[in-house]
Amino acid sequence: MRIAARLLPARKARFLIWPLLIALLAWALKDVRPVEVAAIVSRLTPSTILVLVIINAAILWLFSSRWWLILRAQGYRIAYFSLVSYRLAAFGVSYFTPGPQFGGEPLQAYLLNKRQNVPLSTAITSITLDKLFELLANFGFLVFGILTIIRSGFFPGLPAVRLIPMAVLLLLAPVGYLASLWAGLKPVSAVWRRLPGRLLHLQAISQLQEHIEQVEQQIAGFCRQKPKVLVQAILISGFIWVILVLEYRLMLNYLGIDLSLFQSVAVLTAARLAFLLPMPGGVGALEASLVLAMQSMGNSPAAGISIGILIRSRDVLLGVCGLWLAAILAQRKPVYFHPSQAGD
């Protein structure tokens, strides 16, 4: 009964998501003319769509490079294509899960453990490190984007100054966690040990605590022993964001939306902020943020919806492919690898 009572607020919160989603979509679409949206989207040609598909395929391939590098430094040589498929499957789960693009990581760990015979703690360590660097890059871009918005005054009615503390705190979260592990602390393990004793004596909780301590110990050792890999991971993360900005600029150009580089960064920042809200795939929040951004820059709401349609089409397609791939990978026989101490 007590557990059910504690879960009740969480269930109520989930039910509140849908009215908010509908309200955001209604606001985003209230001044949009379908004919104008159709005119903007029709500017895409088969050749420009093909270019965008090729670029996004390259970006999808590049996303796994940091994870591959981390696993290689841990002494595990795994086929790059396998990691791409695992990450795509995880994206499918994360995209359709309410929340800020999380949820597929357990699937990544499961596939790495069951299909590649990587120890579970090592698999979780590699995924955690990869996610920490991803968050570091994402929140770093948000800080830069918010500063761009404030300095350029693109959104005069938006109290962007208030967003700086939030963005900085988000950025400090992965930085602080890595720094604490480097210093020999184990923050998550320390918090976990403060759970009630009756929970810690449960076998499942005890095993989970053991995995958490192993993971934090491995991350701490990795940070101290592989500083070169850490620098490479940061550089890869930065390069990925450069490619993402260029891809976004190309997308705007193909739709006939004329924005400067800093305006493009501001619009992309608004879109990324939308994904922090607890909506599956940022539904409603993404469209509302893009409409607000376009209107603030003197464009019609239809331009924002057109961008949203293109982004949404891409992400839904990748998400569906990811779920389909997850179903296939779960049925196939494991393909074990031969580990090698390649921690150079």
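The following paragraphs lead through a predicted model of a protein chain, from its overall make-up to its cores, a pocket and several individual residues.

The protein chain contains 15 helices and 0 strands. Of its 344 residues, 45% are buried. Contacts between residues with a separation of 6 or more are dominated by distant partners, since 73% of them join residues 24 or more positions apart. The accessible surface of the chain amounts to about 18,000 Å², and carbon and sulfur atoms account for 69% of that surface.

Covalent cross-links between cysteines can be addressed next. A disulfide is a covalent bond between the sulfur atoms of two cysteines. In the whole structure, 0 disulfides are found. Two cysteines illustrate different surroundings: Cys 223 has a relative accessible area of 1% and is therefore buried, while Cys 321, at 31%, is classed as partly exposed.

The interior is best approached through its nonpolar cores. The largest of these has 41 residues, and the members with the most contacts inside it are Tyr 248, Ile 257, Val 267, Leu 290 and Ile 307. Two or more residues are contributed to this core by each of H2, H3, H7, helix H12 (227-254), helix H13 (261-274), helix H14 (285-296) and helix H15 (301-331). Among these elements, H12 gives the most, with 8 residues. Leu 290 shows how the packing is arranged around one member: leaving aside residues up to four places away in sequence, Leu 290 touches Tyr 248, Val 267, Ala 271, Gly 304, Ile 307, Gly 308 and Ile 311. Apart from this core lies another, of 18 residues, which includes Ala 73, Leu 132, Leu 178 and Ile 219.

Ala 73 belongs to helix H4, where it is buried. Helix H4 spans residues 65-73 and is mostly covered, with 7 of its 9 residues buried. Besides Ala 73, the buried residues of H4 are Ser 65, Arg 66, Trp 67, Leu 69, Ile 70 and Leu 71. Ser 65, in helix H4, has a relative accessible area of 12%, which is under the 20% limit, so Ser 65 counts as buried. Its contacts, not counting residues up to four places away in sequence, are with Tyr 80 and Ile 236. Another H4 residue, Ile 70, lies 9.7 Å from Gln 232, C-alpha to C-alpha, although the two are 162 residues apart in sequence. Gln 232 is located in helix H12 and, with a relative accessibility of 29%, is partly exposed.

The segment after H4 also merits attention. Gln 74 is placed in the loop between H4 and helix H5 (80-95). Despite this loop position, Gln 74 is buried, with a relative accessible area of 18%. Not counting residues up to four places away in sequence, Gln 74 touches Thr 122, Thr 125, Ser 126, Gln 218 and Phe 222. Gly 75, which also follows H4, has a positive phi, near 100 degrees.

A positive phi occurs at a residue of another type as well. Most residues other than glycine have a negative phi. Asn 117, which is not a glycine, nevertheless has a positive phi of about 60 degrees. This residue is found in the loop between helix H6 (105-116) and helix H7 (120-152). Asn 117 has a relative accessibility of 48%, below the exposed range of over 50%, and therefore counts as partly exposed.

The two helices on either side of that loop also take part in a pocket. The second largest pocket has a volume of about 550 Å³. It is lined by 20 residues, of which Ile 124, Thr 128, Tyr 177, Val 188 and Val 215 are the closest to its centre. H6, H7 and helix H11 (203-225) are the elements that each give two or more residues to the lining. H7 gives the most, with 7 residues.

A final example comes from the loop between helix H2 (34-41) and helix H3 (46-63), where Ser 42 lies. With a relative accessible area of 52%, Ser 42 is over the 50% limit and so counts as exposed. Ser 42 and Tyr 254 are 212 residues apart in sequence, yet their C-alpha atoms are 9.9 Å apart in space.

Technical notes:
Residues numbered from 1 in each chain as written. Predicted model: local features only at pLDDT ≥ 70, side-chain atom pairs only at ≥ 80, totals over all residues. Heavy atoms only, no water. Helix = DSSP H or I, 4+ residues; strand = E, 2+ residues; numbered from the N terminus. Buried < 20%, exposed > 50% of the residue type's maximum accessible area, 1.4 Å probe, protein only. Contact = heavy atoms within 4.5 Å. Areas by Shrake-Rupley, 256 points an atom, 1.4 Å probe, with all protein chains shown as cover. Disulfide = S-S within 2.5 Å. Core = buried A, V, L, I, M, F, W, Y, C linked by side-chain atoms within 4.5 Å. 1 Å grid on protein atoms, 1.4 Å probe; cavity = no way out; pocket = protein on both sides within 12 Å on 5 of 7 lines; lining within 4 Å. Points joined across faces, edges and corners; volume = space filled by probe spheres on them.
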